[in-house]
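Open the model in your viewer and keep the selection tool at hand. The stops below say what to select next and what is there.

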Amino acid sequence: MSMPSGGLAHGGDGVAIGAGARAATAGAVSPNAASVRPAVTRLRRRPRPPQADGTPGSLPEQSPPQQQPRQVLGLGELLDGAGLSSFSESAEAWCNRIGTADVLDVVFLTDEFADGMQMSLLERARLRRVADDLKHRFRRRRQSAATSLLEA
């Protein structure tokens, strides 16, 4: 290694090496490395707790939490109004998978819902017509409630 001015040495591959790096390459270890390395080693060596069957070093298998299917309020009325009651079971499953709280979630996610149900263009149009009607009624109720709060 050659020592040009500025305290930097150049390694064999042309990379500049500072004074600390030269000391590390010469066999010296920095004080921080000595304090960190044993902690990392301890973490790696910590054995895992035994499984219920006594097998050492393996984690117990956990099944995902079972969610009780819940009925989405107003979904049946929406599907009946659109003439799509044949989709009721798959619609309930889709709503439970997505996590919808009520029919308004379906109304505002009409296209995604129709995609999930693999509806035809005619079925989508019927669903969209009923969903748009529900959207307008919801907005009118929300506006009238806001107006009554402002008047009070």
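Begin with α4 and display the residues it buries: Ala 91, Glu 92, Trp 94, Cys 95 and Asn 96. These buried residues pack against α3, α5 and α6, so keep those helices visible as well. The model is a predicted one, and local features are taken from residues with pLDDT of at least 70.

At one end of α4, select Ser 88, which lies in that helix. Is Ser 88 buried, partly exposed or exposed? With a relative accessibility of 34%, Ser 88 counts as partly exposed. A C-alpha to C-alpha distance from Ser 88 to Leu 75 should read 8.0 Å, for a sequence separation of 13 residues.

Now go past the end of α4. Gly 99, just after the helix, has a positive phi of about 95 degrees. Next select Thr 100, in the loop between α4 and α5. Thr 100 counts as buried because its relative accessibility is 2%, and the cut-off for buried is under 20%. Which residues are in contact with Thr 100, leaving aside neighbours within four places in sequence? They are Arg 70, Val 72, Trp 94, Cys 95 and Asp 105. Two of the names, Trp 94 and Cys 95, were already on display among the buried residues of α4.

**The nonpolar core**

Zoom out to the largest nonpolar core, which has 20 residues. Colour Leu 75, Phe 113 and Met 119 in it, since these touch the most other members. At least two residues of this core come from each of α3 (75-81), α4 (88-98), α5 (103-108), α6 (110-117) and α7 (121-151). In soluble globular proteins, nonpolar side chains tend to be buried together.

Stay on Met 119 and show what surrounds it. Neighbours within four places in sequence aside, Met 119 is in contact with Leu 84, Phe 87, Phe 113, Ala 114, Arg 124 and Leu 127.

**From α6 to α7**

Step back to Gln 118, in the loop between α6 and α7. Gln 118 is not a glycine, yet has a positive phi of about 55 degrees. Gln 118 counts as exposed because its relative accessibility is 70%, and the cut-off for exposed is over 50%.

Select α6 and α7 together and draw their axes. How far apart are the axes, and at what angle do α6 and α7 pack? The axes are 10 Å apart and the angle is about 145 degrees. The crossing of the two helices, α6 and α7, is right-handed. On the α6 side, the residues that meet α7 are Thr 110, Asp 111, Phe 113, Ala 114 and Asp 115; on the α7 side, their partners are Arg 124, Leu 127, Arg 128 and Ala 131. Sorted by class, this contact holds four nonpolar, one polar and four charged residues.

Take Arg 124, found in helix α7, as the next selection. Arg 124 counts as buried because its relative accessible area is 17%, with the cut-off at under 20%. Not counting residues up to four places away in sequence, Arg 124 touches Asp 111, Ala 114, Asp 115 and Met 119. What does the side chain of Arg 124 reach at 3.1 Å? It is the backbone oxygen of Met 119. For a backbone distance, pick the C-alpha atoms of Arg 124 and Ala 114: they are 6.2 Å apart, across ten residues of sequence.

**Phe 108 and the far part of α7**

Select Phe 108, in helix α5. Its relative accessible area of 39% makes Phe 108 partly exposed. Phe 108 touches Lys 135, Phe 138 and Arg 139, not counting residues up to four places away in sequence. From Phe 108 to Ala 131 the C-alpha to C-alpha distance is 7.8 Å, with their positions 23 residues apart in sequence.

**The whole chain**

Finish with a cartoon of the whole chain, coloured by secondary structure. The cartoon should show seven helices and two strands, running β-β-α-α-α-α-α-α-α from the N terminus on. Of the 152 residues in the chain, 20% are buried. Among contacts between residues at least 6 apart in sequence, 41% join residues at least 24 apart.

Notes: Residues are numbered from 1 along each chain as its sequence is written. This is a predicted model: local features need pLDDT of at least 70, side-chain atom pairs count only at pLDDT 80 or more; totals for chains, interfaces and linings use all residues. Side-chain values use heavy atoms; hydrogens and water are left out. A nonpolar core is a set of buried Ala, Val, Leu, Ile, Met, Phe, Trp, Tyr and Cys residues joined through side-chain atoms within 4.5 Å. Buried means under 20% relative accessible area, exposed over 50%, partly exposed in between (1.4 Å probe, protein chains only). Helices (H or I, at least four residues) and strands (E, at least two) are DSSP runs, numbered from the N terminus. Contact means heavy atoms within 4.5 Å. Axes are lines fitted to C-alpha atoms, for helices over the stretch in contact, and angles run from 0 to 180 degrees between N-to-C directions. A crossing is left-handed if the near helix is turned anticlockwise from the far one by less than a right angle, and right-handed if clockwise. Ala, Val, Leu, Ile, Met, Phe, Trp, Tyr, Cys and Pro count as nonpolar, Asp, Glu, Lys and Arg as charged, and the others, Gly among them, as polar. A polar contact is a pair of N or O atoms within 3.5 Å; within protein, one must be able to donate a hydrogen and the other to accept it, and residues adjacent in sequence count only if both atoms are side-chain atoms.
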